[in-house]
Amino acid sequence: MIKNVVLVFLVIHATLANSESASKKWLTLNGRGPSVIARGGFSGLFPESSDFANQMALATSLSDVVVLCNLQLTKDGVGICQGDIRLDNTTNIAMVFEKGSKTYKVNGQDITGWFAIDFTADQLLANVSLVQNIFSRPSAFDAMLPISTVDDVRSSNPPAFWLNVQYDAFYTENKLSVANYIQKAARLQDKNATEPTTKQTYGSILGNLATIKTFASGIVVPKDYIWPVNAANYLEAPTSLFSVDGLITDFPPTASEAVACFAQYTDIKPTKEQALIISHNGASGVYAGSTDLAYQQAVEDGADIIDCSVQMSKDGVAFCLDSVDVTADTTAATSFMSLSTTIPEIQESAGIFSFDLSWSDIQTLQPQLTSPFENKGGLPRNPANKDKGKFLTLPEFLEFAKVKAVTGILINIENAAYLASQKGLDIVSAANTALSNATFDKQSTQKVLIQSEDTSVLSKFKNVPAYSRVLYLKDEISDAPRTPVEEIKKYADAVTLPRFSIVPTVNGFTTATTKVVNEMQAANLSVYVSVLRNEFITLPFDYFSDPTIEIATYTSGIGVDGIITEYPATATRYLRNPCSSNSMPDSSYSIMPAEAGSLLKTVPEETQPPASSPTPALDVADVVDPPLPAVTKPESPPPATTPHSSALQNIANGGLSLVAIMTLTLLPLMCY
């Protein structure tokens with residue numbers, strides 16, 4: 001029996017609760033679902049192995065969740081739970097014992113830091129506090145929770161307890177024994193690293209599983225041993241280790257969802273009571289927004305409503321694109337930089353606008369899949385397909401929607417007043433004509449939502465019974481008093497609200513749930529929430545870095561009538577799943593909505609983030625817009641004056657282009 005393995009685990013069963021349906025067939029050794037193993041409890045939210053982390057793991061995971069403790073030994077032989085042999089990575093010990101740093105040889109390498117073997121248990125438990133060591137996770141709980149001993153973790157009565165011994169050889173060399181903690185098993189690290197007892201690489205050991213069976217009852221391997229990832233960060237074909245018996249995770253609720261809800265579920269049919277899944281420029285998290293591929297993906301991913309934000313070309317062609325400024329979503333900056341201009345009525349920054357390009361110009365542009373977070377942590381979206389797809393005219397979009405027989409469409413119309421008065425373009429008539437030509441005004445099979453932030457635009461569609469009008473309230477509000485709500489009802493059947501008008505946040509924590517949804521629905525106005533994204537960086541901590549919990553919060557918890565999302569597949573996966581509380585209340589595991597403000601209450605008042613300035617309530621002035629101006633053809637430009645020398649002209653044009661390029665390059669950094 002090999003004694004000095006680098007990573008050895010001990011599973012001590014407390015109770016074993018089986019939450020899996022007997023009808024499910026799994027490829028695990030015991031035939032049941034893979035175990036969810038919470039590394040240090042819910043360490044993705046709270047400091048590892050803290051009491052908060054362990055209790056939250058038990059409360060939010062499958063009933064048979066396994067709690068894992070990474071064992072370290074103190075000077076007096078007490079077992080504590082810490083993920084790193086250097087305590088300064090996960091505690092404030094360097095501030096408490098400033099001169100306590102030492103250098104030891106660990107598995108053949110010199111490691112400098114603060115080690116548990118240099119301190120007694122009393123010294124650590126009485127003076128040292130835990131910290132979160134991953135910067136994207138909440139730091140609000142730092143220095144408020146003590147180190148947990150092994151006995152502390154076991155006293156929380158987890159259904160199963162896993163004791164992970166990583167450095168047995170190190171402790172033996174320093175005259176501390178962990179033999180009582182060892183039971184058959186092994187855990188592997190880097191394929192090219194050497195296991196200190198056998199002197200073989202972990203990769204070679206993995207190739208001889210029969211040998212492993214002589215000293216271990218299982219193996220723990222990194223994810224890429226099972227499902228390799230290439231240099232571009234895409235999954236490759238799985239290896240022969242594909243079927244697993246358990247998942248070690250910092251986020252046990254997400255792993256619990258995967259096992260209990262998503263791995264072997266069958267879609268259930270949506271009901272009338274369920275929230276609508278509305279795309280945002282199609283599945284724009286997967287393909288460039290407003291392209292044929294993004295719309296096709298949205299349909300395949302289960303979107304009920306696909307959307308088109310209508311823009312106008314200089315020659316009057318209506319087409320779909322997220323913004324009238326084509327800079328971010330196309331390659332326009334490489335070909336039409338000379339057309340960059342600033343239009344304060346539309347946006348503060350310079351841009352290249354669709355109404356200054358002909359449709360033939362626009363057809364020469366390549367779409368660009370952009371991420372609002374690419375400059376905030378390197379989170380690109382599907383780079384292999386960054387420029388795939390083609391843009392659709394509004395009639396093409398409408399024909400696609402009819403052929404695919406989607407539940408409905410959303411037509412978004414903005415900048416109508418400016419286009420009419422300054423560019424001689426009638427975007428309202430263009431949309432109305434396209435809808436009528438496609439007979440959407442003469443049918444009731446497919447929903448038609450007309451959305452605008454301008455009530456004068458919505459008024460133009462008032463007399464078409466087949467259309468539902470949606471007022472887009474872009475600015476965040478804290479309340480919706482009766483008077484402005486009654487004013488909305490004169491123009492709209494529904495409202496679209498930003499997320500933070502429903503669940504406001506401060507420094508990454510939700511603070512409360514406003515009454516806005518209830519106030520709108522009490523007036524018989526449907527409420528759609530916008531925009532939902534999958535990236536963890538956009539999610540408040542209350543949602544556990546899990547977009548599914550955000551969806552559950554808005555739909556099952558708050559009861560919105562629809563969600564507008566760049567990832568329709570994520571919404572479909574939840575809303576048409578047995579774990580959705582609206583779908584099958586007697587499911588053995590339910591994905592629960594977050595309770596806004598509850599996580600912030602666990603943070604001591606003295607360390608809570610300062611309150612943000614009050615958000616105003618909705619006012620009548622925020623609702624009613626003046627009538628649209630008449631469509632007026634722009635005046636012809638004045639005749640050219642005496643030409644400058646070509647040299648000066650080239651310098652001037654070069655200077656303008658350079659300024660425009662710098663402005664457009666910096667724009668994404670300033671927006672997020």
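Reader: Before anything else, what is pLDDT, and what is its mean for the chain?

Author: pLDDT is the predictor's confidence in each residue, from 0 to 100. What you have here is a predicted model. The chain's mean pLDDT is 87, and 84% of its residues reach 70 or more.

Reader: Okay, and where does pLDDT stay under 50?

Author: One stretch is residues 181–186, for which the model has 31 contacts beyond four places in sequence. Another is residues 640–672, with 15 such contacts. As a rule, where pLDDT is low, don't read the predicted coordinates in detail.

Reader: Fair enough. How many helices and strands does the chain have?

Author: There are 22 helices and 23 strands. The chain runs to 672 residues, and buried ones make up 50% of them. Take contacts between residues at least 6 apart in sequence: 71% of these join residues at least 24 apart.

Reader: Say I pick one helix, H9. How do I read whether H9 is enclosed or not?

Author: Count its buried residues, meaning those under 20% relative accessible area. In H9 (residues 252–262), nine of the 11 residues are buried, so the helix is largely enclosed by the rest of the structure. The buried ones are Pro-252, Pro-253, Ala-255, Ser-256, Glu-257, Val-259, Ala-260, Cys-261 and Phe-262.

Reader: And what covers the buried residues of H9?

Author: The cover includes strands E2 (35–39) and E10 (246–249), along with helices H1 (51–60), H19 and H20.

Reader: H19 and H20 turn up together there. At what angle do their axes cross?

Author: Roughly 65 degrees, with the axes of H19 (residues 547–558) and H20 (residues 568–575) coming within 10 Å. The crossing is right-handed. On the H19 side, Pro-547, Thr-548, Ile-551, Ala-552, Thr-555 and Ser-556 make the contact, and H20 brings Thr-570, Ala-571, Arg-573, Tyr-574 and Leu-575. Sort that contact by class and you get six nonpolar, four polar and one charged residues.

Reader: On to charges. How many salt bridges does the structure hold?

Author: It holds 15. The cut-off to keep in mind is a side-chain nitrogen of Lys or Arg within 4 Å of a carboxyl oxygen of Asp or Glu. Lys-442 and Asp-441 pair up this way, at 3.1 Å from N to O. Lys-442 is exposed at 59% relative accessibility, while Asp-441 is partly exposed at 24%.

Reader: Which residues are joined into one network by salt bridges that share partners?

Author: Arg-39, Glu-48, Arg-137 and Asp-250. Within it, the side chains of Glu-48 and Arg-39 meet at 3.1 Å, N to O. Glu-48 has 10% relative accessibility, so it counts as buried.

Reader: Got another pair, one with Arg-86?

Author: Sure: Arg-86 bridges to Asp-84, with the closest N and O atoms 3.5 Å apart. Arg-86 is partly exposed at 26% relative accessibility, whereas Asp-84 is buried at 18%.

Reader: Last one: Glu-487. Is Glu-487 buried or exposed?

Author: Buried, with a relative accessible area of 16%. Glu-487 sits in helix H17 (residues 482–489).

Reader: Which residues does Glu-487 touch, leaving out those up to four places away in sequence?

Author: Val-620, Val-623 and Val-624. To read a pair like this, set sequence separation beside distance in space. Glu-487 and Val-620 are 133 residues apart in sequence, yet their C-alpha atoms are 6.9 Å apart.

Key: Residues numbered from 1 in each chain as written. Predicted model: local features only at pLDDT ≥ 70, side-chain atom pairs only at ≥ 80, totals over all residues. Heavy atoms only, no water. Axes fitted to C-alpha atoms, helices over the stretch in contact; angles between N-to-C directions. Helix = DSSP H or I, 4+ residues; strand = E, 2+ residues; numbered from the N terminus. Left-handed = near helix turned anticlockwise from the far one by under 90°. Contact = heavy atoms within 4.5 Å. Nonpolar A, V, L, I, M, F, W, Y, C, P; charged D, E, K, R; others polar. Buried < 20%, exposed > 50% of the residue type's maximum accessible area, 1.4 Å probe, protein only.
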